[in-house]
Amino acid sequence: MRLKAKILPWLFLFPALFIYLMVIVVPSLYSLVLSFFDWNGVSPDKKFVGLGNYIYLLTEDNVFQTALKNNLIWLVGSMTILIGLGLAFALILNRQLKGRVFFRSVFYYPYVLSGIVVAIVWSWMYHPTKGFITFFIEKIGLEKWATPWLSDPKTALYAVFIAAVWQGVGLPMVLFLAGLQSIPKEPYEAAVIDGAKPFQTFRYITLPLLRDTFVIVFATTMVGAMKVYDIIYGMTGGGPMNSTQVLSSWMYYQTFKYNFIGIGSAISWYLIFICLIVIVPYVIFISKRSHY
Amino acid sequence: MSASLKRKLSNVLVYLVLFLLSVIFIMPVIFVVFTALKSNADLSANTFYSFPKELVWSNFAEAWNRIKHYMGNSLLISIVKVPLGILVNALAAFALTRLNFKWATGMFIFILIGMMVPMQATLVPLNMMLNAVNLNNTFPGIIFVYLGFGIPFGILVLRGFMLAIPRDLDEAAVIDGCNELDKFFRIIVPIAMPAIATLFILDFLATWNEFLLAQIFITKESMQPITAGLLSFQGQHSTNYTLLNAGVLISILPVMVVYVFFQKYLISGMVGAVKG
Amino acid sequence: MRKTRIGLMLVMIFSLLLFVACGNNTSSDQASTNGSSTGAHPGDLNDNQGQNTQTGEEIIISFWGIDGIMMYLESIIKDFEQENPHITVEISSFNTDSIKESLKVAAASRALPDIWFNWGGSFASFYSENGLALDLTEVAAEHNWNEIYNPAAIELSKFDGKIYMVPFHLASLGVFVKKDLYEQFGLQEPTTLAELEEHMAIMHENGITPLPVGGKGGWMLMRWTEQLIEHYAGPDLHDQLNALDAPWTDQAVVKALTKLKEWSDKGYFPKGFITMAPEEAEMYMYSEGGYTLQGTWFDQTLSSNGFDPNNYLFFKFPNEQGPVRMSSFVEGFQINADSTPEKQEAAIKLAEYITSPEVVNKYINEYGAPALINFASTEATPHVKLMAEKASEGNFLITDQALPQEVVDKLFEVTDAVILNALTPEQAAAEIQKAVDQYKSNP
């Protein structure tokens, strides 16, 4: 009986664990090994360079540094604006409003478009002569602001970010809505009797009860921000002057364009490492508290 | 000012904000519809937000003809992958939340780390592995890979929801004489349905829109998914934007259907789950 | 309830068994062929069970192409299979960017197809240099390629003096302009750069974008950059620059970048063109016009979008050199060096069939610019023949295939920087040279 109880969890875990090991763990370890080599992927001469690739990226590769900075900007933007908006939409649409199913669908649907499509749609919105945004800005008398947003290294990343918010806000919204739906009514009724203000009920009832949802939303948003790729690549191609390169696109360049598999793998592992130090402590903290 | 007037005013304000936001959210896709209905001459001569000079409905027929077999492939892959993935993940999440598993937190973190692995980094070793077992260019092969990349997120979602299911229910089940597998299928899965619905929507979408892995592991044209089909409108030297836009509109229909169907289920099922 | 449960379990067990079964099945399979067919692309399970490739009766070869060419290649390959009933071709088709990545992944995992489409220059040389593509020099001699293919195309298919590609397309780039624009302003084909610039000024004054260029990805602007370098440097120095034998800090490079900057400041490029998609920039050519540097495929692009190529004029960029060289590149087919000899033979046969004069002439309306010496001309692509003739007067390899990719991307980056005032042309030239030095120091 004891033995059975010990083996049972492993049996339930087995299918997931087996697939996970084969598809993710083994290939990742392979790339970790490669990150210590100078190799073009096919040639027989494969030179061990230790941490050389990692050091090269940090000290000599300017584009890597830009990419890292861009990812961090994207991360901060996603954690504040994207999640904030997602939560706000969810809170509004969780109320008894007429047509809330319609509004939910409207805010969610851009999320079903693939990044490549969103990139085309929004490049056209921003188009300096034929785009709607330019037209609109000129119409309301702000000609000065009708600049080619995507072509200015100072604004390009933020212009793409706006498109990404448009596309991505549906995900946190749906997750928060699901979380909000699972909160029982009783605490709110008690709060009303106690005369609590709306903000207080939000702060002391809603937020704590959304804890598990927050784990999911934070984790997916952070990972999404670190791995962002296709929408930026589609809208700016990493330009102008490489000012919108991100880690994923730079890894792609190094691996598949320049044939520096080692350097590409090292970028991957920087990415994994950054995610680790941001997300794991948070998840451990939360999951310790959430055990019943 | 009376309380009811105040509430009415705030309702009006909320509707105003929602309406404005809706306009912003819908507009870009209106332009996609416009483009899908334009001729190439119209598109190149006029702005991207202008109404088509002449409605070219045949764009849709032509796009449909070119992408229908890709749609079929994607549908097949998604319909097998998504439920199978949910089953695999739910079993694992059950083990992590319900079976007094000693390594539960550690195992969860271990699996969560997988979410951070960039797909590009795994392409070469995965390709080698699939080749070695002759699963390259087969649906089981790509489904296996998709299952793998879906595991961290799936377990993250299902574990969160399963943790929130009260333990009293398990004890009731034990009294009823259920074994663990019964408990899983008869108690936990029905209660976790809202989470499963959420996951179904998101996973179906992720599978439907996946491109990077598909282009490496499914190279045979007859088996390629819809993402490859849409890209085929982009030639080496030119892109057929009107057909591409028509194709995009057609290609999102299945995902929209899945969303509409499951989102109802999501909301109604949720309330029951908590009361359950 | 119970039924669905059992059903679900069955599905799961079945799928697990499938994976395990596949593993067993093929590990023995692999052992028996002793890895000799590593290059062969494994088909799905049915194919492998149904046919035995070792008897030599039936040959299956895998073929990778790109979407743009598959439109007509599919029926060419069907013809080929009919003429050679013992050969079956398994076709895979990719997006332009996807094939580059997929080939690299396949190369690294030793799973390249038997025959694949590729661009010449630095794209093809990766496979030639690393022994992945078959050396075709002997085949070329035996099959008298020099009587069939354009010598320029054969030259561009070489790496280290050996031929590694069956030439398919020979693309050369020249200037296109709408005829009615010339009638409207009473212009003549320019013979000097100064004349070309005069035209630009006239167009600009009349509200027409003289140079519709989309800067995203860098390569469309590069077409102007490289012709300006050819103009200022002359053929010898330009070749040395591309071979990394002359310093990029040369005045010719600086002058070329200065000229680009001048054009940009005068508003000759579309507003915000730096991140505009090249395809969007091409839309200008369908409506208002202007000058564009396009290749032999442009006729095709025009007619497939519903415009008549006969409404356009073509001439060589007036770089004032003798001879005026066009920028060229070759597209071709590479053969897997690791495939079995039977498969290689079949693949070569296929490639030669696709590029043979009979087939080319039959499909000339869609084919684009063949790499042949002689081929039919057609109304649908009126400029193709003319461009091929002009290109044989002299050409240089297009910059993004002549230079290593790292240097190419650096060139694109600093060109953007010059136009955006972030670097002076001198600083930009120095940056390119820095990238060249770094490339050279990397063994």
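**Exercise 1. Place strand β3 of chain C among its neighbours.**

Find how many bridges join β3(C) to strand β9 (residues 326-335) of chain C, and in which sense the two run.

*Solution.* Step 1: β3(C) and β9(C) run antiparallel, and five bridges join them. Keep in mind that this is a predicted model. Step 2: look at C:I115, whose bridge partner in β9(C) is C:I335. Step 3: turn to strand β1 (residues 59-66) of chain C, which pairs with β3(C) in the parallel sense over two bridges. Here C:I115 appears again, as the bridge partner of C:F63.

**Exercise 2. Decide whether the faces of β3(C) are covered or open.**

Which residues lie on each side of β3(C)?

*Solution.* Step 1: in a regular strand, side chains alternate between the two faces of the sheet. Step 2: sort the residues accordingly, with C:I115, C:F117 and C:W119 on one side and C:W116 and C:N118 on the other. Step 3: check burial, taking buried as under 20% relative accessible area. Five of the five residues of β3(C) (residues 115-119) are buried, so both faces are covered.

**Exercise 3. Describe the interface of chain B and chain A.**

How much area is buried between the two chains, and what share comes from carbon and sulfur atoms?

*Solution.* Step 1: the buried area is about 8,200 Å², and carbon and sulfur atoms give 81% of it. Step 2: B:F25, B:F48 and B:M116 supply 10% of the area that chain B buries here, more than any other three residues. Step 3: helix α1 (residues 3-36) gives the most to chain B's side, with 17 residues. Step 4: by class, that side has 73 nonpolar, 17 polar and two charged residues. Step 5: count the links, which come to zero salt bridges and 14 residue pairs in polar contact.

How values were computed:
Residues numbered from 1 in each chain as written. Chains lettered and ligands numbered in written order. Predicted model: local features only at pLDDT ≥ 70, side-chain atom pairs only at ≥ 80, totals over all residues. Heavy atoms only, no water. Buried area = accessible area lost by both parts, 1.4 Å probe. Salt bridge = Lys/Arg side-chain N within 4 Å of Asp/Glu carboxyl O. Polar contact = N/O pair within 3.5 Å; in protein donor to acceptor, adjacent residues only side chain to side chain. Helix = DSSP H or I, 4+ residues; strand = E, 2+ residues; numbered from the N terminus. Nonpolar A, V, L, I, M, F, W, Y, C, P; charged D, E, K, R; others polar. Buried < 20%, exposed > 50% of the residue type's maximum accessible area, 1.4 Å probe, protein only. Pairing = 2+ DSSP bridges.
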